Amino acid sequence: MTELQQWANARVQKYDEARLSAPKPIVLARPQSKSNPKVKYMVIQYPSGSIHCNCVGFVYRKRCCHTKDLL
C-alpha cells in the first residue's frame, strides 16, 4: 500500500469515527398532511436546538403549522 493510500484510509477512518460519534437529530413528530392523507411529514430537532420540518411550507418560509407549537 502506498503512502497516499495509507493517508487516505486514515482520513476516512477519522471521518467515520467522527460521524458515528456525533449526536443524532431527534424526531419530535410525524404529522399527516391535511391536503394529502397519504403523506406524513417529519419534524426533527437537531442537537443545536433548531427545529425543522420537511413540508413544503417550512422549506419555503422556514416556518410551518407543524413546528408552530414547538418553537
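Q: Let's start with charges. Which residue forms a salt bridge with Arg19?
A: Asp16 does: its closest approach to Arg19 puts N and O atoms 3.6 Å apart. The cut-off to keep in mind is 4 Å, so this pair makes the grade. Bear in mind that you're looking at a predicted model.

Q: How many salt bridges does the count come to?
A: Just one salt bridge.

Q: Where do Arg19 and Asp16 lie?
A: Both sit in helix 1, which covers residues 3-21. They are three residues apart, or about one turn of the helix.

Q: And how do I read whether a residue like Arg19 is buried, exposed or partly exposed?
A: Look at relative accessible area: under 20% is buried, over 50% is exposed, and what falls in between is partly exposed. Arg19 has 44%, so it counts as partly exposed. Asp16 is at 28%, which means that Asp16 is partly exposed too.

Q: What about greasy spots on the outside? Which residues make a nonpolar surface patch?
A: Ile26, Leu28 and Leu70 make one of about 250 Å². Take Leu28 as an example: you'll find Leu28 in strand 1, residues 26-29. Leu28 is partly exposed because its relative accessibility is 38%.

Q: Now a loop. Where is Ser33 found?
A: Follow the chain between strand 1 and strand 2 (43-45), and Ser33 is in that loop.

Q: Is Ser33 buried or exposed?
A: Ser33 has a relative accessible area of 7%, so Ser33 is buried.

Q: What does Ser33 touch?
A: Set aside the neighbours within four places in sequence, and Ser33 is in contact with Val39 and Tyr41. There's a polar contact as well, side chain to side chain, between Ser33 and Ser35 at 3.2 Å. As for Leu70, a member of the nonpolar patch, its C-alpha is 17 Å from that of Ser33, with their positions 37 residues apart in sequence.

Q: How should I read a backbone angle such as the phi of Lys62?
A: Most residues other than glycine have a negative phi. Lys62 has a positive value, near 65 degrees, and isn't a glycine. Look for Lys62 in the segment after helix 2 (56-61). Lys62 is exposed, because its relative accessible area is 57%.

Q: Last one: how many disulfides does the count come to?
A: Zero disulfides. Cys64 is in none, and its nearest cysteine sulfur, on Cys55, is 3.6 Å away. The two sulfurs would have to be within 2.5 Å, so that pair misses the cut-off. Cys65 isn't in a disulfide either, with the sulfur of Cys64 as its nearest at 5.7 Å.

Q: Are Cys64 and Cys65 buried, exposed or partly exposed?
A: Cys64 is at 10% relative accessibility, so Cys64 counts as buried. Cys65 has a relative accessible area of 45%, which means that Cys65 is partly exposed.

Technical notes:
Residues numbered from 1 in each chain as written. Predicted model: local features only at pLDDT ≥ 70, side-chain atom pairs only at ≥ 80, totals over all residues. Heavy atoms only, no water. Patch = residues over 30% accessible without salt bridge, like charges linked within 9 Å, V, L, I, M, F, W, Y side chains within 5 Å. Areas by Shrake-Rupley, 256 points an atom, 1.4 Å probe, with all protein chains shown as cover. Salt bridge = Lys/Arg side-chain N within 4 Å of Asp/Glu carboxyl O. Helix = DSSP H or I, 4+ residues; strand = E, 2+ residues; numbered from the N terminus. Buried < 20%, exposed > 50% of the residue type's maximum accessible area, 1.4 Å probe, protein only. Polar contact = N/O pair within 3.5 Å; in protein donor to acceptor, adjacent residues only side chain to side chain. Contact = heavy atoms within 4.5 Å.
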